[in-house]
Amino acid sequence: MLRRRLSSLLLRSPCSSSAAASSCHHQQQHHLLLPTHAEKPPALNLLRLFTSLAGTDGERPFIAFVLGGPGSGKGTQCSRIASDFGFSHVSAGDLLRNEIAAGTDQGEWILEIIREGRIVPSEITVELVRKAIESSTAKRVLIDGFPRCEENRIAFEKITGTEPDLVLFFDCPEDEMVKRLLSRNQGRVDDNIETIKKRLKVFESLNLPVVEYYSSRGKAHKIKATGTEDEIFEAVRKLFSSLRL
Ligand SMILES: Nc1ncnc2c1ncn2[C@@H]1O[C@H](COP(=O)(O)OP(=O)(O)O)[C@@H](O)[C@H]1O
Ligand SMILES: O=c1ccn([C@@H]2O[C@H](COP(=O)(O)OP(=O)(O)O)[C@@H](O)[C@H]2O)c(=O)[nH]1
Ligand SMILES: [Mg+2]
């Protein structure tokens with residue numbers, strides 16, 4: 001059943017759901033990132049694969065993707081994992097907000113996508129994430145809030161030639177996520193009820209399939225994301241303590 005759903009997901013266009021259709025309106029221009037099985041990664045990217053994710057000792061860092069709905073507590077728990085387990089914390093959302101803060105045309109365009117709760121094209125995010133991993137000196141890296149959809153995942157894996165070692169999934173009920181986002185108070189353009197509703201739809205239709213994909217490969221670990229921050233971190237700590245890092 002899961003396999004049937006996965007294969008149908010992988011066979012169809014990565015942005016074919018209604019929520020995705022609007023999120024990937026630049027799909028035509030990004031044909032190189034689409035997951036046609038016959039397609040080979042561009043030579044330049046293949047070259048990068050051997051240089052960009054390797055540290056000075058020639059090994060890439062341990063990579064954990066941290067996923068969960070908006071407001072599920074990804075950022076909060078990532079900070080704690082980073083300080084207790086020596087991870088570098090790369091937040092894809094923060095990387096995009098840095099682009100906005102830089103005041104470029106591209107930043108303005110990203111702002112509109114975020115304001116509408118849509119997903120920024122992989123071409124931009126994968127490069128930001130790749131550069132952040134490359135410039136980190138840490139041996140362990142958390143990628144918070146990425147990949148957001150199958151297209152992101154496939155583009156990342158193609159361009160970097162690597163898969164995450166672990167995927168953490170914070171499982172949180174929608175009403176709790178909405179409550180947390182409405183009281184986050186960070187002045188974010190997307191923490192309003194209209195955008196939150198769209199983000200929840202995008203999460204369910206596009207991000208959950210990524211979690212299912214990694215579940216089917218035995219890489220995803222689900223953490224119950226309700227309760228206090230401390231309670232949730234206890235479950236996280238157990239998992240990370242059991243890893244051979
Ligand atoms: N366990 C928790 N209980 C209540 N509020 C929480 C909990 N974890 C995080 N929060 C708060 O909820 C909001 C969203 O958390 P955040 O870590 O930013 O989530 P995400 O990165 O998944 O959107 C923040 O204001 C944060 O302080
Ligand atoms: O890989 C990513 C990460 C984030 N976003 C955009 O940035 C917003 C905020 O992401 P962030 O992870 O900061 O939100 P959170 O889930 O933490 O509330 C998302 O809704 C998307 O519009 C994106 O397009 N691609
Ligand atoms: Mg966050």
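Q: How do the axes of H5 and H6 cross, and within what distance do they come?
A: In this predicted model, the axes of H5 and H6 cross at roughly 130 degrees and come within 7 Å. That angle makes H5 oblique to H6.

Q: Is that crossing left-handed or right-handed?
A: The crossing in which H5 passes H6 is left-handed.

Q: Which residues make the contact?
A: H5 contributes Leu-96, Glu-99 and Ile-100, and H6 contributes Gln-106, Gly-107, Ile-110, Leu-111 and Ile-114.

Q: And what classes do they fall into?
A: The contact of H5 with H6 has 5 nonpolar, 2 polar and 1 charged residues.

Q: Staying with H5, where does Leu-95 sit, and is Leu-95 buried or exposed?
A: Leu-95 belongs to helix H5. The residue is buried, because 22 other C-beta atoms lie within 10 Å, and the cut-off for burial is 20 or more.

Q: What is Leu-95 in contact with?
A: Apart from neighbours within four places in sequence, Leu-95 is in contact with Leu-128, Val-129 and Ala-132.

Q: What separates Leu-95 from Glu-157?
A: Their C-alpha atoms are separated by 19 Å, and the two residues are 62 residues apart along the chain.

Q: Stepping back, how many helices and strands are there in the protein chain?
A: The protein chain has 11 helices and 5 strands.

Q: How much of the chain is buried?
A: Of the 245 residues in the protein chain, 36% are buried.

Q: What share of the contacts comes from residues 24 or more positions apart?
A: Among contacts in the protein chain with a separation of 6 or more, 82% are between residues 24 or more positions apart.

Q: On to the ligands: which residues come nearest to ligand 1?
A: There are 13 residues around ligand 1, and Gly-73, Lys-74, Gly-75, Thr-76 and Arg-180 come nearest.

Q: Which helices supply at least two residues of that shell?
A: H4 and H11 each do so for the shell around ligand 1. H4 gives the most, with 3 residues.

Q: What about the classes in that shell?
A: The shell around ligand 1 has 2 nonpolar, 7 polar and 4 charged residues.

Q: And which residues come nearest to ligand 2?
A: Of the 20 residues around ligand 2, the nearest are Ala-92, Gly-93, Val-120, Gly-145 and Phe-146. Two or more residues of the shell come from each of helix H4 (74–85), helix H5 (92–101) and helix H6 (105–115).

Q: Which element has the largest share there?
A: H5 has the largest share of the shell around ligand 2, 3 residues.

Q: What is the make-up of that shell by class?
A: The shell around ligand 2 has 8 nonpolar, 7 polar and 5 charged residues.

Q: H4 and H11 came up together earlier; how do they pack?
A: H4 and helix H11 (residues 229–241) pack at an angle of about 50 degrees, and their axes are 10 Å apart. The two helices are therefore oblique to each other.

Q: Left-handed or right-handed?
A: The crossing of H4 and H11 is right-handed.

Q: Which residues meet there?
A: From H4 come Thr-76, Gln-77, Arg-80, Ile-81, Asp-84 and Phe-85, and they meet Glu-229, Ile-232, Phe-233, Val-236, Arg-237 and Phe-240 of H11. By class, the contact of H4 with H11 has 6 nonpolar, 2 polar and 4 charged residues.

Q: Phe-146 was listed around ligand 2; what sort of peptide bond joins Phe-146 and Pro-147?
A: The bond joining Phe-146 and Pro-147 is a cis peptide bond, with omega about 0 degrees. Pro-147 lies in the loop between strand S3 (140–144) and helix H8 (150–160).

Q: Another backbone point: what is phi of Asn-185?
A: Phi of Asn-185 is near 55 degrees, a positive value in a residue other than glycine. Asn-185 is in the loop between helix H9 (174–182) and helix H10 (193–216).

Q: Is Asn-185 buried or exposed?
A: Asn-185 is exposed, because 7 other C-beta atoms lie within 10 Å.

Q: Finally, where is Asp-171, and what is Asp-171 in contact with?
A: Asp-171 is in strand S4 (residues 166–171). Beyond its neighbours within four places in sequence, Asp-171 is in contact with Lys-222, Ile-223, Lys-224 and Ala-225. With 14 other C-beta atoms within 10 Å, Asp-171 is partly exposed.

Methods. Residues numbered from 1 in each chain as written. Chains lettered and ligands numbered in written order. Predicted model: local features only at pLDDT ≥ 70, side-chain atom pairs only at ≥ 80, totals over all residues. Near = placed C-beta within 6 Å. Helix = DSSP H or I, 4+ residues; strand = E, 2+ residues; numbered from the N terminus. Nonpolar A, V, L, I, M, F, W, Y, C, P; charged D, E, K, R; others polar. Axes fitted to C-alpha atoms, helices over the stretch in contact; angles between N-to-C directions. Parallel < 35°, antiparallel > 145°, perpendicular 65-115°, else oblique. Left-handed = near helix turned anticlockwise from the far one by under 90°. Contact = placed C-beta atoms within 7 Å. Buried ≥ 20, exposed ≤ 12 C-beta atoms within 10 Å, placed from the backbone.
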